[in-house]
Amino acid sequence: MNTDNTKDENGVPHELQLFVQGEGLGEIRLVKVDGGSTVDGLIEAVAAKFGGEFATAVAAGGMVVTLEDDDEELAQADTLKKAGVRDRSRVHIHRCRKVKVSVNFNGETAVDNFPPATTVGKVKKWADRKFDIDKVDATEHALQLCGTADRPDEDVHIGTLTNNHSCSVCFDLVPKKRVEGTSN
Amino acid sequence: MRPDESTFRAHLEEGPFQNGVDRGRWRLVSIDWPHAVIAVTAAERDGALGEYAFRFGLSNYPAESPTAQPWDAEAGSPLPLAKWPGGINRVQNAFNGYKNGTCLYLPCDRNALDTGHAAWRNQHPEMIWTASSDITLYLRIIYDLLQSKDYKGLRG
């Protein structure tokens, strides 16, 4: 007898809370979906909740769902359970299959392509290696979107940072400065 | 419920804050409006606890930036200075006990960003609060400091 009222008789949770990122979503979104939903159903639920650029991209077609730091596309007809999506999973929804990432540091630029579900944290580690920044100094530098003062959280996916289906993101690797001034 | 409290509680349920909870970076301790206590995880250091609690003043949130001070969540009182986070460079300055220890020395803090620190808006734009900010702006800055090499443990 099933005594867990958060799951059905097949052990499928009634509701999943998912961390969703993707094209036009702007930031990490926490989305509640029915536990028996399909991957396609997830896309529809996110479009209905947030509308805007994400819904426009869905309507244009070609959206792909992947898990964080992965590039294997989830079959959209599959249930979330079959696709390996669990409660509090982190997923990405985007039209880009790869995002071209440029990182500028000390007059040099490193470039590579990453799946859109790649975290800023992972890109940062790549940049640290490319520019030969040791572990200690690495904690004193941050990725900042080119031409802005925006330093995305390390858990933000690079696909979330693309604009207008550009499939590219530019960062500057900048030092974290000490806050100074006159203390009264 | 007041609009500022309603908005704050809504932000606690949203992706950025919940992501930090899920990653073990911070956790909500209590809300007693217009204050909330949130504990932030610190890197392991000899003789120091694994987290520090901060009491945030949140009136008129998010139109106005919060202010925060280290807090003894059990005693319900300000944390003694000796038990504050200590260290060098960025950490030393941020936790310097500004204004008798009632706020952190950070551009995101409304009591620290006073007329004497107007230059911070240009020097540290990434830490400046805007009306579209949420509490994770402040929390991420604290978390980064407590995970940095500049953090050495208790101030002592």
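How many residues does the largest nonpolar core have, and which of them have the most contacts inside it? The legends below take this up for a predicted model.

**View 1. The largest nonpolar core lies open to inspection by residue and by element.** This core has 44 residues. The most contacts inside it belong to Phe8(B), Phe54(B), Phe56(B), Phe95(B), Leu106(B), Ile135(B) and Leu146(B). Five elements of chain B each give two or more residues: α1 (3-12), β2 (35-41), β3 (51-57), α3 (89-94) and α6 (135-147). The largest share, eight residues, is from α6(B).

**View 2. Surroundings of Phe95(B).** Neighbours within four places in sequence are left aside here. Phe95(B) then contacts Phe54(B), Trp84(B), Pro85(B), Leu104(B), Leu145(B), Leu146(B) and Arg155(B).

**View 3. A second, separate core.** It has 25 residues. Among them are Val101(A), Phe131(A), Ile158(A) and Leu173(A).

**View 4. The open sheet of chain B.** Five strands run in the order β1-β2-β3-β4-β5, with antiparallel pairing. β1 (26-32) and β5 (77-78) of chain B stand at the edges; each has a single partner strand, so one side of each lacks a neighbour in the sheet. Seven bridges join β2(B) and β3(B) in the antiparallel sense. Thr41(B) has Glu51(B), in β3(B), as its bridge partner.

**View 5. Helices packed on the sheet of chain B.** Helix α2(B), residues 15-22, touches β1 and β2 of chain B. The direction of α2(B) makes about 120° with that of β1(B). Helix α6(B) touches β1, β2, β3 and β4 (67-72) of chain B. The direction of α6(B) makes about 35° with that of β2(B).

How values were computed:
Residues are numbered from 1 along each chain as its sequence is written. Chains are lettered from A and ligands numbered from 1 in the order in which they are written. This is a predicted model: local features need pLDDT of at least 70, side-chain atom pairs count only at pLDDT 80 or more; totals for chains, interfaces and linings use all residues. Side-chain values use heavy atoms; hydrogens and water are left out. A nonpolar core is a set of buried Ala, Val, Leu, Ile, Met, Phe, Trp, Tyr and Cys residues joined through side-chain atoms within 4.5 Å. Buried means under 20% relative accessible area, exposed over 50%, partly exposed in between (1.4 Å probe, protein chains only). Helices (H or I, at least four residues) and strands (E, at least two) are DSSP runs, numbered from the N terminus. Contact means heavy atoms within 4.5 Å. Two strands pair if DSSP finds at least two bridges between them. Axes are lines fitted to C-alpha atoms, for helices over the stretch in contact, and angles run from 0 to 180 degrees between N-to-C directions.
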